[in-house]
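Thanks for sharing this one with me. Here are my notes, to be read with the model open beside them.

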Amino acid sequence: MCSIILFLLISVFVNYSNKNLLTFKKYAYDQNFKFTKITKLYNKYFGKVLKEVKETPVSAAKITYQESSSYKDGAKLTEVSAIYPYKSGIVVFIGDKEEYGKTIIIQGMDGVDYWYSNVSDINVKLYDYVSSNTIIANAQDNILYVLFMRDGKALNYEEYI
């Protein structure tokens with residue numbers, strides 16, 4: 001019932017004027033949906049939806065690389081093969097990003113968006129929940145671009161790690 005009411009309210013809002021339509025498109029299409037905020041709000045009032053999984057790594061699953069250097073707002077890692085997520089989260093984007101190439105964005109349960117770019121052989125689908133010991137892809141030409149974003153602002157790779 002709530003979904004129907006919400007749908008009708010959005011329909012009326014969007015059809016009322018072109019300004020409303022542009023506002024809706026700006027917030028609905030141009031920004032990532034914050035699953036972590038909704039999950040926290042839901043958990044506060046209705047109980048837990050996703051169980052917090054204690055991760056017991058089967059191996060020391062992390063991205064291994066030879067060297068890192070600055071690239072745009074993130075870092076460029078060389079001699080990378082298998083890509084593991086830094087933190088568990090939900091895959092919110094798979095596609096091409098300008099100047100980065102094929103990209104996977106994982107929204108971590110900590111509210112940080114983890115970008116893994118220049119990838120190939122992708123092993124995840126959109127909206128999959130991935131843990132930090134899951135191989136999500138391989139680095140194309142053994143080069144990986146990583147970027148961490150919180151609330152639309154890039155985080156410093158060296159400081160964050």
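The points below cover the basis of the model, its nonpolar cores, one loop residue and one hairpin.

1. This is a predicted model, so to speak with its own filters: local features need pLDDT of at least 70, side-chain atom pairs count only at pLDDT 80 or more, and totals for chains, interfaces and linings use all residues. Residues are numbered from 1 along each chain as its sequence is written, and side-chain values use heavy atoms, with hydrogens and water left out.

2. The largest nonpolar core has 21 residues, and Ile83, Ile104, Tyr116, Ile136 and Leu144 touch the most other members. A nonpolar core here is a set of buried Ala, Val, Leu, Ile, Met, Phe, Trp, Tyr and Cys residues joined through side-chain atoms within 4.5 Å. Among the strands (DSSP E runs of at least two residues) that give two or more residues to it are S2 (74-78) and S10 (143-150); S10 gives the most, with 3.

3. Leu144 is worth a look: beyond its neighbours within four places in sequence, its contacts (heavy atoms within 4.5 Å) include Ile63, Leu77, Ile83 and Tyr116. A second, separate core of 8 residues includes Tyr100, Trp115, Tyr145 and Leu147.

4. Asn118 sits in the loop between S6 and S7 (119-120). Asn118 is buried (under 20% relative accessible area, 1.4 Å probe, protein chains only), at 14%. Leaving aside neighbours within four places in sequence, Asn118 contacts Tyr100 and Tyr145, among others.

5. S1 (residues 67-71) and S2 run antiparallel, joined by 5 bridges; strands pair if DSSP finds at least two bridges between them. Tyr71 stands opposite Gly74, and in the hairpin, with 2 residues between the strands, Lys72 takes a positive phi near 55°.

Terms used:
Buried < 20%, exposed > 50% of the residue type's maximum accessible area, 1.4 Å probe, protein only. Helix = DSSP H or I, 4+ residues; strand = E, 2+ residues; numbered from the N terminus.
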